[in-house]
Amino acid sequence: MRAGPGALSALLLLIAFFATPAAAQPASSLAFVIYESPVPAPVIDPFRPPAHIGAPGNRGLEYGVTGGEWVQASAPGTVTFAGLVAETWYVTIQHDDGIRTTYGHIGSLLVGQGQFVLPGTVIATALPGFHFSARVGDTYLDPAVLLEPPPLVKAPARLVPVVLPPPASDAAR
């Protein structure tokens, strides 16, 4: 059985956590955090880790929003960045388990740097192409493995052949 990309992301998170010296980890790094989807929309482009820095991929989840939807904090944490990057608004939240989530392609900011937010706190409004990412240090994780319940991924249907065993012959009965 082959592990999916979510299992790889979870493994990378564990490696990043345990590879960090205990003295460098904040005392709250062992906190258990529950993450929720930041918008009520399906994922239209899932996490696709790049082969190397600068390679193509998707370092988060792109949601199929139409624009104007409320963007909610996915988990409790402190806003560490709220501002413009290359003429696009972003919000980054640091959570007690060491994970940082970033919310991008947003139309308006409703929070500021240093503000503590709870899950469900409206932090922004979404624009088409809304993007949600998660990372520990500089390592991006698949945010879908964090979310409860897992997000609905809007993907094309794929037919798979089914191989049935031959029917038992009358002589074998």
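How much area does the protein chain expose, and what share of it do carbon and sulfur atoms supply? The protein chain exposes about 10600 Å², with 64% supplied by carbon and sulfur atoms (Shrake-Rupley method, 1.4 Å probe). This is a predicted model, in which local features need pLDDT of at least 70, side-chain atom pairs count only at pLDDT 80 or more, and totals for chains, interfaces and linings use all residues. Residues are numbered from 1 along each chain as its sequence is written, and side-chain values use heavy atoms, leaving out hydrogens and water.

The protein chain has one helix and nine strands (DSSP runs: helices H or I of at least four residues, strands E of at least two, numbered from the N terminus). Their order along the sequence is α-β-β-β-β-β-β-β-β-β. Of the 173 residues, 32% are buried (under 20% relative accessible area, 1.4 Å probe, protein chains only).

The largest nonpolar core holds 30 residues, and Tyr63, Val71, Val91, Ile93, Tyr103, Ile123 and Phe130 touch the most other members. A nonpolar core joins buried Ala, Val, Leu, Ile, Met, Phe, Trp, Tyr and Cys residues through side-chain atoms within 4.5 Å. These strands each supply at least two residues of this core:

| Strand | Residues |
|---|---|
| S2 | 61-63 |
| S5 | 88-94 |
| S6 | 100-109 |
| S8 | 122-136 |

S8 gives the largest share, seven residues.

Asp142 lies in the segment after strand S9 (139-141). Asp142 is buried without a salt bridge (a side-chain nitrogen of Lys or Arg within 4 Å of a carboxyl oxygen of Asp or Glu). The nearest side chain of opposite charge, Arg48, is 10 Å away (Lys and Arg count as positive, Asp and Glu as negative; His and the chain ends are not counted). The Asp142 side chain reaches the backbone nitrogen of Ala144 at 2.9 Å.

Methods. Buried means under 20% relative accessible area, exposed over 50%, partly exposed in between (1.4 Å probe, protein chains only). A polar contact is a pair of N or O atoms within 3.5 Å; within protein, one must be able to donate a hydrogen and the other to accept it, and residues adjacent in sequence count only if both atoms are side-chain atoms.
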